[in-house]
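Morning, everyone. Please pull up the sequence and the structure, and keep both in view while I talk.

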Amino acid sequence: MLNGKVAVVTGASRGIGASVARKLASQGADVAIIYCGSEDKAQAVKESIISEYGVKAFAYKCDVADLNACTETVKQITADLGGVDILVNNAGVTRDNLLVMMGEEDFDKVVDTNLKGTFNMIKVCARGFIRKKKGKIINISSVSGLSGIAGQSNYSASKAGVIGLTKAVAKELGGKNVCCNAIAPGFIMTDMTKELGSEEEFLKAIPLKRLGKTEDVANLAAFLADEASDYITGEVIRIDGGLAM
Ligand SMILES: NC(=O)c1ccc[n+]([C@@H]2O[C@H](COP(=O)([O-])OP(=O)(O)OC[C@H]3O[C@@H](n4cnc5c(N)ncnc54)[C@H](O)[C@@H]3O)[C@@H](O)[C@H]2O)c1
């Protein structure tokens, strides 16, 4: 259980992030929902968490690619909820295209959000974890970062970068009792994957013969946030129905 813990989940206004925030709240954690698009969705997630689970929840608009914004947001979270115990770096974007067609801005946008955003949030939360001599960092990577996917050179690079970052942080902060792990989802049904189409093609390649649910990823994130996983760090766990085996 996560009673008394404070969890920060980035990109939690919808999709996997919203499911992770709900799951951690269902285990008793107070949650900070970080979002960057429509305020309505973030507020709706916040309100439903408060009414369903009776924990504290706040929503914060913050572009994770902006280090100053992350610093100010974590200061506000600390004022509202106390220090951070669990950080879930979930915010992510895609800008798919073949490499020869890909604009520089599409490469930068994806790397800045997915990789630099993860670095920024870890950097601003790390001192608090070190002071407490305890912390859980969970980074959402992708099977695209493990295997590489044609048409996703920017996204694959950013998600492979998240894996390297995870392992370096696990080594740096392990002595302070801070665990840092990555989750590599396969094809999970969200707004992000709606655009991809060709569901049948993916199903052929998935041994478990179904697409993933956001709750599948949330359950794993909850395990990595809990003391049940206290001896696991620097690990990358695929959750893909066997897709990238
Ligand atoms: N859906 C999948 O199949 C799948 C597979 C592998 C990995 N992932 C990863 O899981 C994570 C969530 O994916 P999803 O499918 O729920 O996506 P989504 O597009 O439904 O949600 C992404 C969330 O990130 C937020 N976000 C985007 N840019 C941001 C920024 N700069 N600052 C703060 N928030 C920002 C969005 O507002 C949104 O809440 C992403 O990192 C994604 O790469 C998803």
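One definition first: a residue is buried when its relative accessible area is under 20%, exposed when it is over 50%, and partly exposed in between. Keep in mind that this is a predicted model.

Start with helix H9, residues 214-225. Which residues of H9 are buried? They are Thr-214, Asp-216, Val-217, Ala-218, Leu-220, Ala-221, Ala-222, Leu-224 and Ala-225. That makes nine of the 12 residues, so H9 is largely enclosed by the rest of the structure. Now check its length. At 1.5 Å a residue, its 12 residues should span 16 Å, and the end C-alpha atoms are indeed 16 Å apart.

Next, helix H4. It runs over residues 104-132, which is 29 residues. Do the same check. The expected span is 42 Å, the end C-alpha atoms are 41 Å apart, and that agrees. But look along the helix. H4 has a kink of about 40°. Where is the kink centred? On Cys-125. Cys-125 is also one of the buried residues of H4. Others on that list include Val-110, Asn-114, Met-121 and Phe-129.

Stay on Cys-125 for a moment. Its C-alpha atom is 8.7 Å from the C-alpha atom of Gly-83, and the two residues are 42 apart along the chain. Gly-83 sits in the loop between helix H3 (67-81) and strand E4 (86-89). Is Gly-83 buried, exposed or partly exposed? Its relative accessibility is 29%, so it counts as partly exposed.

Now go to the end of H4. Lys-133 follows the helix. It lies in the loop between H4 and strand E5 (135-140). Its phi is positive, about 55°, although Lys-133 is not a glycine. It is exposed, with a relative accessible area of 52%.

There is another lysine to put beside it. Lys-209 has a positive phi too, near 55°, and is a residue other than glycine. You will find Lys-209 in the loop between H8 and H9. At 51% relative accessibility, it counts as exposed.

On to the rings. How many aromatic pairs does the structure hold? Two. Here is one of them: Phe-187 with Phe-202. The pair is edge-to-face, with 70° between the planes and 4.2 Å centre to centre. Why look at this one? Phe-187 lies in the loop between strand E6 (178-185) and helix H7 (191-194), while Phe-202 lies in helix H8 (residues 199-205), so the pair ties together parts that are 15 residues apart in sequence. Phe-187 is buried, at 9% relative accessibility. Phe-202 is partly exposed, at 25%.

Now the ligand. It has 26 residues around it. Which come nearest? Arg-14, Asn-90, Tyr-155, Ile-188 and Thr-190. Let's take some polar contacts. In the side chain of Tyr-155, an N or O atom is 2.4 Å from an oxygen atom of the ligand. For Thr-190, a polar side-chain atom is 2.5 Å from a ligand oxygen. With Ile-16, the partner is a polar backbone atom, 2.8 Å from an oxygen atom of the ligand. And how much of the ligand is covered? Taken alone, it exposes 830 Å², and the protein buries 95% of that.

Thr-190 has a further contact. Its backbone nitrogen lies 3.0 Å from a polar side-chain atom of Thr-193. Thr-193 is in helix H7. It is buried, with a relative accessible area of 13%.

Asp-191 is in H7 as well. Asp-191 is partly exposed, at 28% relative accessibility. Its C-alpha atom is 6.8 Å from that of Gly-15, yet the two are 176 residues apart along the chain. Find both on the sequence, then find both on the model.

Last stop, strand E6. Asn-181 lies there. Buried or exposed? At 1% relative accessibility, Asn-181 counts as buried. A polar atom of its side chain lies 2.9 Å from the backbone nitrogen of Glu-235.

To recap. H9 is largely enclosed, because nine of its 12 residues are buried. H4 is kinked, at Cys-125. And the protein buries 95% of the area that the ligand exposes when taken alone. Over to you for questions.

Notes: Residues numbered from 1 in each chain as written. Predicted model: local features only at pLDDT ≥ 70, side-chain atom pairs only at ≥ 80, totals over all residues. Heavy atoms only, no water. Helix = DSSP H or I, 4+ residues; strand = E, 2+ residues; numbered from the N terminus. Expected span 1.5 Å × (residues − 1). Bend = angle between axes of the 7 residues up to and from the residue. Buried < 20%, exposed > 50% of the residue type's maximum accessible area, 1.4 Å probe, protein only. Phe/Tyr/Trp six-rings, centres within 6.5 Å; stacked < 30°, edge-to-face > 60°. Near = heavy atom within 4 Å. Polar contact = N/O pair within 3.5 Å; in protein donor to acceptor, adjacent residues only side chain to side chain. Areas by Shrake-Rupley, 256 points an atom, 1.4 Å probe, with all protein chains shown as cover.
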